[in-house]
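Hi everyone, thanks for making time this morning. I'd like to walk you through a structure that may be new to you, so let's put it on the screen.

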Amino acid sequence: MATCGNKTTKIWDIRTGQVVHSLVSPPRPLSMEFDGDMLVIASRNNCMDTWILGHNVQPESVRRPWGDANTPETNRIPLRGVPCALTLSISHGMLAVAYNGQPIILWDMEEDTYAGNCGKKLSSGETSTHVVVALAFNLNPDIGLLAVAYLDGDLALLDPYTDRQLECFRANCQTLAPSPNGRFLAAGCANGIIHVYEFDTFKLLYRVKSSNSYIKQLAFSKDSMLLADIRGSQCTVWKPEALLRESLSDDSSGLTSATLIETVSLEAKAKVTCMAVHHKSTVIFCGKDDGSVVLYERKTAVSLGILYKHKSPVRLLVWIEKRDALLSVDASNRIFSYRIQKSTDKGWLTDPVVLFKTRLDSEKAITDVSIGEAAAKFLVSTRESDHLFDLNDGKSEMERTYPQIPGTRKWFPHPQSSQHLICVDNVKICAHNWCDLTEVSSMKFLLDDQTGELTNATLYSLGQKHRIMLHLAHPRSSIKTNRIAIINLDRLPVEGSDPSFSQRKQTYALATFDQSTTDDDKGDVVKPSNLAAALCSSVTQFELNIAHVIGVDDSSKLMFLNQSCWICSVDLSASGLEITQREDESSIAVFEHFFIPHDWFAGKKDIVCTLAKGDVALTRGGDLAVIRGGVEYNEAAFRTVVWTAT
């Protein structure tokens, strides 16, 4: 395989993935083809560069201008400017090149001689000199036809050797691709529609529209059964049944064109804005920016249908296990709760039962929701206030405001007491009563000036013990790293969970962890500077290169997406925090699992991603993607960036 850029052309062995040769590209390359063991590149400087490829010697470039002054006067091309379109045909040994204000010029590559010109015919019978945007030879050496797309929208079928026009009509094409078997021509139009024609008749066989985005390039597979298009940074592969029917048919003349035209329209889908996983992990609920709440099968990521709809984009989803209910919050602060159960006849698409609909009357957007099932309460938070609601009827009960806006607050149900909940901010962790939000105990922790601000927090279990993981970021800093703090909740008792309950206020210093990585590191290594304090105190802290925290799985592994778009993990269990001694220093490994393409997150402010029974579920536009088994593959990073499989 050859890849050509403005500076370098690389020859790859596709079996090993290794670069066999690295060549200097000609100035402004336009087209590239293999001719057996020879690579041919045509460029805008009116030259063809060829290399004879071999594994043992470095290929040398041979440059051959077309229209060379050394050729006889009768075979010389009158060149003006740079080509506006060009195509190489190895099977015909021919080059077709178009210049502004000239007919299409043919150059015989085998004889290095001018072979004539051609083009669509004007009403006067003269050959057109209109601007050409794309050219394509029929790849069957027995069929000497040339397809030409003009800037004025015309698509012409020419016999280039006799300069005859066989077909011409308005198609508004911008890119052309012939099939290897010579039967089909794919044309990409300005409105994003792909047309597939019979090459020798221009009879329309297939039409597909997926989006209005510009089609950069089209290409057929070697068997001519698949068609790929590139739009933006995405490649889509199509398998038109019409191509298979045409290829299997010896004579398609008996088929009417209407029976062969297929129109496939893939409309732009509403983007997924939030997710919640059913407690049995069989289905995933997704809220979208069109207000719909959609149900997906976890194993296959197939949409099962829309459950219900809001009138504005859905921002938050919370699954309430014991009530079989889903609570959703939209951008207008409306809060819906529906009971969703699987039935024997309709499955998951049984009509959801409305439990309540309410709204938070506030100009500030809801940022978080916490559920107290046993207390029959739920709490919604904005940046400036907390609001307590009844979980049975959705009625508002009380409000608490924070005039000075202390920053992000995260609320959790207390894991040891169903009548209490926990609040975490930048300064302390507090336990509160569900009934009136009164504080019953608190634990302060000291954060140094470089720690950053709280962006999120996650509650997880470690056997019978419970921990809270804080995600601390540097919002006003160029530092790429984020700090993770692990806090032991055993030091935060409430009445009913500790026989010696009393209102206590305690202060714990963080055991500071320093990171030692470079931008080129594939992973992270964290180094504790005070190991004894880290393992014995209620707070453990370290730094990671984090783009998004996904969550903590059932085995107490922190799963996150790093800045290089790798899904990574850190073992937060007691065994995982055991320190590996290496060169008289202590280190904790961070594992890489798999890579996510950058463009999946391009242009997105918020990444929507979650864990579902060991799988990683994330969004790609309007679709749900579930990566199964990806975390089973590990690579551990060390400070020396030496990777070993484990």
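Let's start at the beginning of the chain, with a hairpin: strand 1 and strand 2 are joined through three residues. Please keep in mind that what you see is a predicted model. Strand 1 covers residues 2-4 and strand 2 covers residues 8-13, and the two run antiparallel with three bridges between them. If you want one pair to look for, take alanine 2, whose bridge partner in strand 2 is isoleucine 11.

Now stay on strand 2 and follow the chain onward. Strand 2 also pairs with strand 3, residues 18-24, again in the antiparallel sense, this time over six bridges. Here you can find tryptophan 12 standing opposite valine 19 of strand 3. Strand 2 and strand 3 form a hairpin as well, with four residues between the strands. Which residue in that hairpin takes a positive phi? The residue is glycine 17, with a phi near 75°.

A quick reminder for anyone new to sheets: strands pair through backbone hydrogen bonds, and the pairing can be parallel or antiparallel.

Next, the second largest pocket. How much space lies in it? About 1500 Å³. Its lining is made up of 39 residues, and the ones nearest the centre are Ser31, Met32, Glu33, Gln217 and Leu218. Several strands each supply at least two residues of that lining: strand 4 (29-35), strand 8 (85-89), strand 12 (132-137), strand 16 (173-178) and strand 20 (217-220). And which strand gives the most? That would be strand 4, with six residues. As for the character of the lining, 27 of its residues are nonpolar, eight are polar and four are charged.

Let's jump now to a sheet much further along the numbering. Three strands make an open sheet here, in the order 52-53-54, with antiparallel pairing. Its edge strands are strand 52 (609-612) and strand 54 (623-627), each of which pairs on one side only. On average, neighbouring strands in this sheet are turned by 30° against each other, ignoring direction. Looking more closely at one pairing, strand 53, residues 615-620, is joined to strand 54 by five bridges, and the two run antiparallel. A pair to pick out there is threonine 619, which stands opposite leucine 624 in strand 54.

That's my tour for today. Thanks for listening, and I'm happy to go back to any of these places on the screen.

Key
Residues are numbered from 1 along each chain as its sequence is written. This is a predicted model: local features need pLDDT of at least 70, side-chain atom pairs count only at pLDDT 80 or more; totals for chains, interfaces and linings use all residues. Side-chain values use heavy atoms; hydrogens and water are left out. On a 1 Å grid over the protein atoms alone, a cavity is a set of points where a 1.4 Å probe fits but cannot get out, and a pocket is an open set with protein on both sides within 12 Å along at least five of seven lines; lining residues have an atom within 4 Å of a point. Grid points are joined across faces, edges and corners, and a volume is the space filled by probe spheres set on the points. Ala, Val, Leu, Ile, Met, Phe, Trp, Tyr, Cys and Pro count as nonpolar, Asp, Glu, Lys and Arg as charged, and the others, Gly among them, as polar. Two strands pair if DSSP finds at least two bridges between them. Axes are lines fitted to C-alpha atoms, for helices over the stretch in contact, and angles run from 0 to 180 degrees between N-to-C directions.
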